[in-house]
Amino acid sequence: MSSLEEIRTARLEKLKLLEEKGVDPFPVESRQDVTISEAKESFDQLSSSEKTSFMVGRILAIREQGKIIFLTFSDGTGNFQALLKSGDPLPEEDFELFRKAFDIGDFLELKGTFFLTQKGEKTILVESLRMLAKSLRPLPEKWHGLQDVEERFRKRYLDLISNPEVKERFIIRSKALALIREFYSKAGYVEVDLPNLQPLAGGATAAPFKTHHNALDMDFFLPVAQELYLKELLVGGMNKVFEIGKRFRNEGIDTMHNPEFTMLESNEAYADAKSQREFIEKLFKFVVKGVFGKYEVECNGEIIDFGLDFEIVTFYELLRRYADIENPEKLDREEAARVAEKLGVDVAPEDVLEKILDNIYKKTARPKLIQPTFIIDYPVAFNPFAKRKPENPKLIDRFQLLVAGMELVNAFSELNNPLDQKARYLEQDEKGSRGEKEISPSDLEYLEAMEHGMPPNGGIGIGIDRLVMLLTNVDNIKEVILFPTLRPRG
């Protein structure tokens, strides 16, 4: 029998002992008069009043010294110390039951008064105690020493218990989302809920997940994007709409990509890429200042200053600057493939010109964009839903926001010409017929909606997980997703 099995067997015996003593190890009700954070904040008042209070929490440490026991417990708002004294004031039989049946990891309810120990530690002197939930498995003693990092992701509940910084990371995530919603709401946007079962995987060039509905006997796709539905709402007269939700892309997993991730997508009627750039800059300044109380963020040893004006640079200029390509806008596929080979960028047989250029940019330029930078003026083939620039129809009115080498935002002036949209769809379908998996297929229902008249509009997509990576200074997307997608144990 392994040591873990022995511990579980011993705890089952303790569970049996509690039941024999007439103690319910999993009672329905519990009482909490004050949280640990509240007790710490108003400790002087609580201790001087000598009033008894109820506290609850999980036992994290037990230190036994003869007829007294010190224990540390946590209720999620902090850690606190409790003192159990046999017979004074805790009844001796309750003290002995604690010694025999309570373990680190158990949840308990304490009743007592507050005092300072000789060492000046805030403590509750326990008059009575009660089991709230008996733990049958031990907490990890040396969680930081685990070599298998993925085990932390598989057992996130233990990760949160053992590593306070992990819990703080997800508190920051929640705060950032609340600030984003506040900013959008103040700007007049309406938050909407959109379907996760879709007849077509449209709105982005990505490989989808496919599922089947038995009653309808038809296949559905999980959303790779929601912008088509958002733009249909613009047709219906909802001029400012956004959704924060899950997206699913059936692609590779690495430090920047998880098959299931969170995105914000928004569309605003009568806006364009330029006005949306201004909106995004204000949003990011608002969120960073709201989370940290300042505009500076540390990420990968760099200080990112959101208080400065964001830089603006064209896509082709980045290729000139970092890939040393003199006239990138004039390259054909074969020439781009040769350049990629020299730079050590892999080129698959089915890769089209824009895919090769994008991979060159990702290898040479993206890692060097540390401070907030808007990339503008992409080739038209980069996105089938973006408007062409009137002064140069070979380019689209699109931008991305790069920070610390991460693509955080994708946005553009949305195409609202149904004839141009149909032509772009046909190009996507042609790529699909040649084996390209990351396409956005023709959506006839969306085209029909466009033909009813769609106002000019700007669309925005924000990768929430990557934004949280930036705010919490981590370099793996799994660190900011509570339950990331993992390969099954072998």
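Here a colleague and a modeller talk through some features of this predicted model.

Colleague: Let's start with two helices. Are H10 and H12 roughly parallel or oblique to each other?

Modeller: Helix H10 covers residues 315-322 and helix H12 covers residues 353-364. Their axes lie 10 Å apart and pack at an angle of about 55 degrees. Angles under 35 degrees count as roughly parallel and 65 to 115 as roughly perpendicular. The angle here falls in neither range, so H10 and H12 are oblique.

Colleague: Which class of residue, nonpolar, polar or charged, has seven members in the contact of H10 with H12?

Modeller: On the H10 side we find Phe 315, Leu 318, Leu 319 and Tyr 322. They meet Leu 357, Asp 358, Ile 360, Tyr 361 and Thr 364 in H12. By class, there is one charged residue and one polar residue, and the class with seven is nonpolar.

Colleague: Now for H11 and H12. Are these two roughly parallel or oblique?

Modeller: H11 and H12 have axes 9 Å apart, at an angle of about 25 degrees. The cut-off to remember is that angles under 35 degrees count as roughly parallel. H11 and H12 are therefore roughly parallel.

Colleague: And how many nonpolar residues does the contact of H11 with H12 have?

Modeller: H11 brings Arg 333, Ala 336, Ala 337, Val 339 and Ala 340. H12 brings Leu 353, Ile 356, Leu 357 and Ile 360. By class, one residue is charged, none is polar, and the number of nonpolar ones is eight.

Colleague: Let's look inside. Which helix gives the most to the largest nonpolar core?

Modeller: It helps to know that in soluble globular proteins, nonpolar side chains tend to be buried together. In this model the largest nonpolar core has 46 residues, and those touching the most other members are Tyr 184, Ile 280, Phe 284, Val 409 and Ile 462. The helix that gives the most, with eight residues spanning part of 273-292, is H9.

Colleague: How many residues are in the second, separate core?

Modeller: You can spot this second core by looking for some of its members, including Ala 337, Val 345, Phe 412 and Tyr 425. The number of residues in this core is 33.

Colleague: Is the peptide bond from Asp 88 to Pro 89 cis or trans?

Modeller: As background, most peptide bonds are trans. Pro 89 sits in the loop between strand E3 (79-85) and helix H4 (92-101). The bond from Asp 88 to Pro 89 has omega near 0 degrees, and it is cis.

Colleague: Is Asp 324 buried or exposed?

Modeller: Asp 324 is in the loop between H10 and helix H11 (333-342). Its phi is positive, about 55 degrees, although Asp 324 is not a glycine. Exposed means over 50% relative accessible area. Asp 324 has 70%, so this residue is exposed.

Colleague: What about Asp 377, buried or exposed?

Modeller: Asp 377 lies in strand E14, residues 373-379. Asp 377 also has a positive phi, of about 60 degrees, without being a glycine. Buried means under 20% relative accessible area. The value for Asp 377 is 14%, so this residue is buried.

Colleague: One last stop. How far apart in space are Asn 476 and Lys 368, C-alpha to C-alpha?

Modeller: Asn 476 is found in the segment after helix H15 (464-472), and this residue touches Thr 255 and Met 469, not counting residues up to four places away in sequence. Asn 476 and Lys 368 are 108 residues apart in sequence. In space, C-alpha to C-alpha, they are apart by 18 Å.

Key. Residues are numbered from 1 along each chain as its sequence is written. This is a predicted model: local features need pLDDT of at least 70, side-chain atom pairs count only at pLDDT 80 or more; totals for chains, interfaces and linings use all residues. Side-chain values use heavy atoms; hydrogens and water are left out. Axes are lines fitted to C-alpha atoms, for helices over the stretch in contact, and angles run from 0 to 180 degrees between N-to-C directions. Helices (H or I, at least four residues) and strands (E, at least two) are DSSP runs, numbered from the N terminus. Angles under 35 degrees count as roughly parallel, over 145 as roughly antiparallel, 65 to 115 as roughly perpendicular and the rest as oblique. Contact means heavy atoms within 4.5 Å. Ala, Val, Leu, Ile, Met, Phe, Trp, Tyr, Cys and Pro count as nonpolar, Asp, Glu, Lys and Arg as charged, and the others, Gly among them, as polar. A nonpolar core is a set of buried Ala, Val, Leu, Ile, Met, Phe, Trp, Tyr and Cys residues joined through side-chain atoms within 4.5 Å. Buried means under 20% relative accessible area, exposed over 50%, partly exposed in between (1.4 Å probe, protein chains only).
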